Amino acid sequence: MNANPLRLVGALGCGLLFGFGLALSRMVDPAVVRGFLDVTGDWDPSLAGVMAGAIPVTFVFYRIAARRGRALAGGALPPAPERTIDRRLVGGALLFGIGWGLVGLCPAPALIAWLFQPWALLFIAAMVAGMAIQRRVLREPVADPACG
Amino acid sequence: MNIVHNLVLAVAGGALIGLAAGLFMLIEGRIMGASSLVAGLVGPVATMWRENALLLIGLPLGALLFAAIGGAVAPHLAAPPLALVVGGLLVGFGTRLSAGCTSGHGVCGNARLSPRSMAATAAFMLAGMAAVALGRLV
(Lines give C-alpha, C1' and ligand atoms only; values in the text may rest on other atoms or scores of the structure.)
Protein backbone atom coordinates (compact mmCIF):
# COMPACT_ATOMS: atom_id res chain seq x y z
CA MET A 1 0.00 0.00 0.00
CA ASN A 2 1.54 3.30 -1.06
CA ALA A 3 1.59 6.20 1.35
CA ASN A 4 -1.22 8.55 0.37
CA PRO A 5 -0.52 12.10 1.69
CA LEU A 6 -4.19 12.73 2.48
CA ARG A 7 -4.34 9.52 4.53
CA LEU A 8 -1.17 10.44 6.45
CA VAL A 9 -2.18 14.04 7.17
CA GLY A 10 -5.71 12.87 8.01
CA ALA A 11 -4.45 10.29 10.49
CA LEU A 12 -2.19 12.78 12.27
CA GLY A 13 -4.95 15.40 12.32
CA CYS A 14 -7.46 12.93 13.75
CA GLY A 15 -4.93 11.91 16.40
CA LEU A 16 -4.35 15.55 17.37
CA LEU A 17 -8.10 16.21 17.65
CA PHE A 18 -8.61 12.96 19.56
CA GLY A 19 -5.82 13.78 22.03
CA PHE A 20 -6.96 17.38 22.45
CA GLY A 21 -10.52 16.19 23.11
CA LEU A 22 -9.40 13.58 25.63
CA ALA A 23 -7.40 16.20 27.54
CA LEU A 24 -10.18 18.81 27.40
CA SER A 25 -12.80 16.31 28.59
CA ARG A 26 -10.54 15.22 31.51
CA MET A 27 -10.79 11.62 30.34
CA VAL A 28 -6.97 11.40 30.61
CA ASP A 29 -7.20 11.70 34.40
CA PRO A 30 -7.57 8.27 36.04
CA ALA A 31 -8.99 9.89 39.19
CA VAL A 32 -11.78 11.51 37.15
CA VAL A 33 -12.51 8.24 35.33
CA ARG A 34 -12.67 6.31 38.60
CA GLY A 35 -14.93 9.01 40.02
CA PHE A 36 -17.26 8.46 37.06
CA LEU A 37 -17.32 4.72 37.76
CA ASP A 38 -17.74 5.21 41.51
CA VAL A 39 -21.54 4.93 41.48
CA THR A 40 -21.74 3.49 45.00
CA GLY A 41 -19.50 6.18 46.47
CA ASP A 42 -18.45 9.69 45.55
CA TRP A 43 -19.99 9.58 42.07
CA ASP A 44 -19.04 12.26 39.51
CA PRO A 45 -21.29 11.61 36.48
CA SER A 46 -19.82 14.44 34.38
CA LEU A 47 -17.77 12.12 32.11
CA ALA A 48 -21.03 10.76 30.68
CA GLY A 49 -20.85 13.96 28.64
CA VAL A 50 -17.94 12.54 26.64
CA MET A 51 -20.02 9.87 24.92
CA ALA A 52 -23.02 12.19 24.77
CA GLY A 53 -20.88 14.77 22.97
CA ALA A 54 -19.01 12.34 20.74
CA ILE A 55 -21.61 9.87 19.45
CA PRO A 56 -23.97 12.36 17.71
CA VAL A 57 -21.06 14.06 15.93
CA THR A 58 -19.61 10.74 14.81
CA PHE A 59 -23.07 9.53 13.76
CA VAL A 60 -23.54 12.53 11.43
CA PHE A 61 -20.11 12.06 9.85
CA TYR A 62 -20.74 8.34 9.39
CA ARG A 63 -23.98 9.18 7.58
CA ILE A 64 -22.14 11.61 5.29
CA ALA A 65 -19.45 9.01 4.60
CA ALA A 66 -22.08 6.34 3.90
CA ARG A 67 -23.85 8.68 1.47
CA ARG A 68 -20.59 9.25 -0.40
CA GLY A 69 -20.02 5.51 -0.46
CA ARG A 70 -16.22 5.76 -0.46
CA ALA A 71 -13.56 7.35 1.70
CA LEU A 72 -12.18 10.73 0.55
CA ALA A 73 -8.71 9.21 0.28
CA GLY A 74 -10.16 6.33 -1.73
CA GLY A 75 -11.00 2.88 -0.54
CA ALA A 76 -14.14 1.21 0.65
CA LEU A 77 -15.99 1.87 3.89
CA PRO A 78 -16.18 -0.88 6.53
CA PRO A 79 -18.95 -3.47 6.06
CA ALA A 80 -22.10 -3.18 8.15
CA PRO A 81 -21.51 -4.14 11.80
CA GLU A 82 -21.92 -7.77 12.79
CA ARG A 83 -24.84 -8.48 15.06
CA THR A 84 -23.73 -11.58 16.95
CA ILE A 85 -23.33 -10.94 20.66
CA ASP A 86 -21.22 -13.84 21.88
CA ARG A 87 -19.26 -14.78 24.99
CA ARG A 88 -16.02 -13.46 23.57
CA LEU A 89 -17.51 -10.02 23.10
CA VAL A 90 -19.13 -9.79 26.51
CA GLY A 91 -16.34 -11.61 28.35
CA GLY A 92 -13.67 -9.44 26.75
CA ALA A 93 -15.58 -6.26 27.55
CA LEU A 94 -16.03 -7.38 31.17
CA LEU A 95 -12.29 -8.05 31.54
CA PHE A 96 -11.50 -4.71 29.93
CA GLY A 97 -13.93 -2.97 32.27
CA ILE A 98 -12.33 -4.52 35.36
CA GLY A 99 -8.90 -3.28 34.27
CA TRP A 100 -10.35 0.12 33.39
CA GLY A 101 -11.94 0.46 36.82
CA LEU A 102 -8.87 -0.84 38.62
CA VAL A 103 -6.53 1.78 37.16
CA GLY A 104 -8.76 4.41 35.57
CA LEU A 105 -7.04 4.19 32.18
CA CYS A 106 -8.25 2.84 28.85
CA PRO A 107 -6.00 2.59 25.77
CA ALA A 108 -6.12 6.09 24.26
CA PRO A 109 -5.83 8.07 27.53
CA ALA A 110 -2.97 5.78 28.62
CA LEU A 111 -1.00 6.88 25.56
CA ILE A 112 -1.30 10.45 26.86
CA ALA A 113 -1.12 10.03 30.64
CA TRP A 114 2.47 8.71 30.61
CA LEU A 115 3.69 12.18 29.59
CA PHE A 116 2.50 13.48 32.94
CA GLN A 117 2.64 10.26 34.99
CA PRO A 118 5.57 8.09 33.83
CA TRP A 119 4.22 5.08 35.80
CA ALA A 120 1.54 4.85 33.11
CA LEU A 121 4.29 3.35 30.90
CA LEU A 122 4.07 0.23 33.05
CA PHE A 123 0.34 0.07 32.30
CA ILE A 124 1.01 0.51 28.57
CA ALA A 125 3.62 -2.27 28.58
CA ALA A 126 1.22 -4.61 30.38
CA MET A 127 -1.58 -3.66 27.97
CA VAL A 128 0.57 -4.51 24.95
CA ALA A 129 1.55 -7.78 26.66
CA GLY A 130 -2.13 -8.54 27.23
CA MET A 131 -2.81 -8.01 23.53
CA ALA A 132 0.06 -10.35 22.63
CA ILE A 133 -1.18 -12.99 25.08
CA GLN A 134 -4.66 -12.79 23.58
CA ARG A 135 -3.22 -13.36 20.12
CA ARG A 136 -1.26 -16.37 21.39
CA VAL A 137 -4.10 -17.93 23.34
CA LEU A 138 -6.79 -17.42 20.71
CA ARG A 139 -4.93 -17.51 17.45
CA GLU A 140 -8.05 -18.08 15.40
CA PRO A 141 -10.22 -14.95 15.41
CA VAL A 142 -13.27 -17.19 14.97
CA ALA A 143 -15.88 -17.40 17.67
CA ASP A 144 -16.43 -20.80 19.21
CA PRO A 145 -19.76 -21.98 17.82
CA ALA A 146 -20.59 -23.32 21.28
CA CYS A 147 -20.27 -19.83 22.73
CA GLY A 148 -22.97 -17.24 23.02
CA MET B 1 -14.86 23.06 39.86
CA ASN B 2 -18.53 22.29 39.82
CA ILE B 3 -20.34 19.56 37.99
CA VAL B 4 -21.82 21.83 35.31
CA HIS B 5 -18.37 23.13 34.43
CA ASN B 6 -17.00 19.58 34.22
CA LEU B 7 -19.98 18.44 32.16
CA VAL B 8 -19.40 21.25 29.65
CA LEU B 9 -15.73 20.23 29.37
CA ALA B 10 -16.75 16.59 28.89
CA VAL B 11 -19.29 17.36 26.16
CA ALA B 12 -16.93 19.75 24.35
CA GLY B 13 -14.05 17.28 24.56
CA GLY B 14 -16.39 14.49 23.51
CA ALA B 15 -17.51 16.49 20.47
CA LEU B 16 -13.87 16.84 19.40
CA ILE B 17 -13.33 13.10 19.86
CA GLY B 18 -16.48 12.54 17.80
CA LEU B 19 -15.14 14.90 15.14
CA ALA B 20 -11.87 12.97 15.03
CA ALA B 21 -13.71 9.64 14.71
CA GLY B 22 -16.02 11.10 12.04
CA LEU B 23 -13.16 12.54 9.98
CA PHE B 24 -11.21 9.28 10.25
CA MET B 25 -14.16 7.52 8.59
CA LEU B 26 -14.80 10.27 6.04
CA ILE B 27 -11.14 10.58 4.99
CA GLU B 28 -9.76 7.10 5.58
CA GLY B 29 -12.84 4.92 5.66
CA ARG B 30 -11.79 3.43 8.98
CA ILE B 31 -13.06 3.06 12.51
CA MET B 32 -11.03 5.04 15.05
CA GLY B 33 -10.51 2.43 17.76
CA ALA B 34 -7.44 3.02 19.93
CA SER B 35 -6.99 -0.62 21.00
CA SER B 36 -7.15 -1.85 17.40
CA LEU B 37 -4.64 0.80 16.32
CA VAL B 38 -2.22 -0.20 19.08
CA ALA B 39 -2.67 -3.89 18.29
CA GLY B 40 -2.09 -3.14 14.60
CA LEU B 41 1.27 -1.61 15.46
CA VAL B 42 2.54 -4.41 17.67
CA GLY B 43 1.10 -7.35 15.75
CA PRO B 44 1.82 -8.58 12.24
CA VAL B 45 2.67 -5.57 10.07
CA ALA B 46 -0.60 -3.91 9.13
CA THR B 47 -1.00 -2.37 5.68
CA MET B 48 -1.99 0.92 7.32
CA TRP B 49 0.83 0.98 9.88
CA ARG B 50 1.89 4.52 8.91
CA GLU B 51 -1.59 5.88 9.49
CA ASN B 52 -1.90 3.91 12.73
CA ALA B 53 1.41 5.29 14.00
CA LEU B 54 0.58 8.87 13.02
CA LEU B 55 -2.78 8.77 14.77
CA LEU B 56 -1.23 7.35 17.93
CA ILE B 57 1.57 9.95 17.85
CA GLY B 58 -1.08 12.63 17.44
CA LEU B 59 -2.75 11.63 20.72
CA PRO B 60 -0.06 12.91 23.13
CA LEU B 61 0.72 15.83 20.80
CA GLY B 62 -2.93 16.89 20.87
CA ALA B 63 -2.94 16.78 24.67
CA LEU B 64 0.31 18.80 24.75
CA LEU B 65 -1.29 21.33 22.41
CA PHE B 66 -4.20 21.65 24.83
CA ALA B 67 -1.74 22.18 27.71
CA ALA B 68 0.26 24.68 25.63
CA ILE B 69 -2.76 26.94 25.14
CA GLY B 70 -3.38 26.97 28.88
CA GLY B 71 -5.48 23.86 29.39
CA ALA B 72 -5.16 22.02 32.67
CA VAL B 73 -3.79 18.50 32.25
CA ALA B 74 -2.75 16.95 35.54
CA PRO B 75 -3.72 13.29 35.62
CA HIS B 76 -3.71 11.63 39.04
CA LEU B 77 -2.52 8.04 38.85
CA ALA B 78 -2.97 6.46 42.26
CA ALA B 79 -2.78 2.77 41.30
CA PRO B 80 0.23 0.90 42.73
CA PRO B 81 2.58 -0.91 40.29
CA LEU B 82 0.89 -4.31 40.74
CA ALA B 83 -2.50 -2.81 39.89
CA LEU B 84 -0.98 -1.11 36.83
CA VAL B 85 0.32 -4.46 35.59
CA VAL B 86 -2.88 -6.40 36.30
CA GLY B 87 -5.07 -3.60 34.93
CA GLY B 88 -2.95 -3.24 31.81
CA LEU B 89 -3.04 -6.98 31.12
CA LEU B 90 -6.84 -7.03 31.53
CA VAL B 91 -7.29 -3.98 29.30
CA GLY B 92 -5.03 -5.38 26.57
CA PHE B 93 -6.43 -8.92 26.68
CA GLY B 94 -10.05 -7.82 27.07
CA THR B 95 -10.09 -5.19 24.35
CA ARG B 96 -8.63 -7.67 21.83
CA LEU B 97 -11.06 -10.40 22.88
CA SER B 98 -14.02 -8.06 22.41
CA ALA B 99 -12.41 -6.25 19.44
CA GLY B 100 -12.78 -2.74 20.79
CA CYS B 101 -12.43 -0.33 23.68
CA THR B 102 -13.95 2.94 24.84
CA SER B 103 -13.29 4.56 21.45
CA GLY B 104 -13.92 1.62 19.09
CA HIS B 105 -17.08 0.35 20.77
CA GLY B 106 -18.00 3.29 23.02
CA VAL B 107 -17.88 6.02 20.39
CA CYS B 108 -17.56 4.53 16.89
CA GLY B 109 -19.56 1.32 17.28
CA ASN B 110 -22.39 3.04 19.11
CA ALA B 111 -22.45 5.74 16.41
CA ARG B 112 -22.89 2.89 13.89
CA LEU B 113 -25.76 1.65 16.04
CA SER B 114 -23.97 -1.68 16.35
CA PRO B 115 -25.72 -4.06 18.78
CA ARG B 116 -22.33 -5.62 19.58
CA SER B 117 -20.88 -2.26 20.58
CA MET B 118 -23.92 -1.43 22.70
CA ALA B 119 -23.54 -4.74 24.52
CA ALA B 120 -19.78 -4.24 24.93
CA THR B 121 -20.27 -0.69 26.24
CA ALA B 122 -22.82 -1.87 28.81
CA ALA B 123 -20.47 -4.69 29.86
CA PHE B 124 -17.33 -2.59 30.32
CA MET B 125 -19.24 0.18 32.10
CA LEU B 126 -20.81 -2.28 34.54
CA ALA B 127 -17.52 -4.11 35.09
CA GLY B 128 -15.70 -0.82 35.68
CA MET B 129 -18.32 0.27 38.20
CA ALA B 130 -18.13 -3.12 39.92
CA ALA B 131 -14.32 -2.95 40.08
CA VAL B 132 -14.39 0.49 41.69
CA ALA B 133 -17.15 -0.54 44.11
CA LEU B 134 -15.24 -3.69 45.13
CA GLY B 135 -12.09 -1.64 45.51
CA ARG B 136 -13.92 0.46 48.08
CA LEU B 137 -14.57 -2.63 50.18
CA VAL B 138 -10.98 -3.85 50.39
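The expected span of a helix is 1.5 Å times one less than its number of residues. I kept in mind that this is a predicted model, where local features need pLDDT of at least 70, side-chain atom pairs count only at pLDDT 80 or more, and totals for chains, interfaces and linings use all residues. Residues are numbered from 1 along each chain as its sequence is written, and chains are lettered from A in the order in which they are written.

**Helix 3 of chain A**

I started with the length: the 21 residues of helix 3 of chain A (helices are DSSP runs of H or I, at least four residues, numbered from the N terminus) should span 30 Å, and the end C-alpha atoms are 31 Å apart, which agrees. After the helix comes G69(A), with a positive phi near 90°.

Next I looked up burial (20 or more other C-beta atoms within 10 Å of a residue's own, C-beta atoms being placed from the backbone). The buried residues include G53(A), V57(A), F61(A) and A65(A). I found the buried residues packing against helix 1 of chain A, together with helix 1 and helix 5 of chain B.

**Crossing to chain B**

I then followed helix 5 of chain B: its axis (a line fitted to C-alpha atoms over the stretch in contact) comes within 8 Å of that of helix 3 of chain A, and the two cross at roughly 40°. That makes the pair oblique (not under 35 degrees, over 145 or 65 to 115).

For contacts (C-beta atoms within 7 Å), I noted M51(A), I55(A) and Y62(A) among the residues that meet helix 5, where G106(B) and N110(B) are among the partners.

Key:
Axes fitted to C-alpha atoms, helices over the stretch in contact; angles between N-to-C directions. Contact = placed C-beta atoms within 7 Å. Buried ≥ 20, exposed ≤ 12 C-beta atoms within 10 Å, placed from the backbone.
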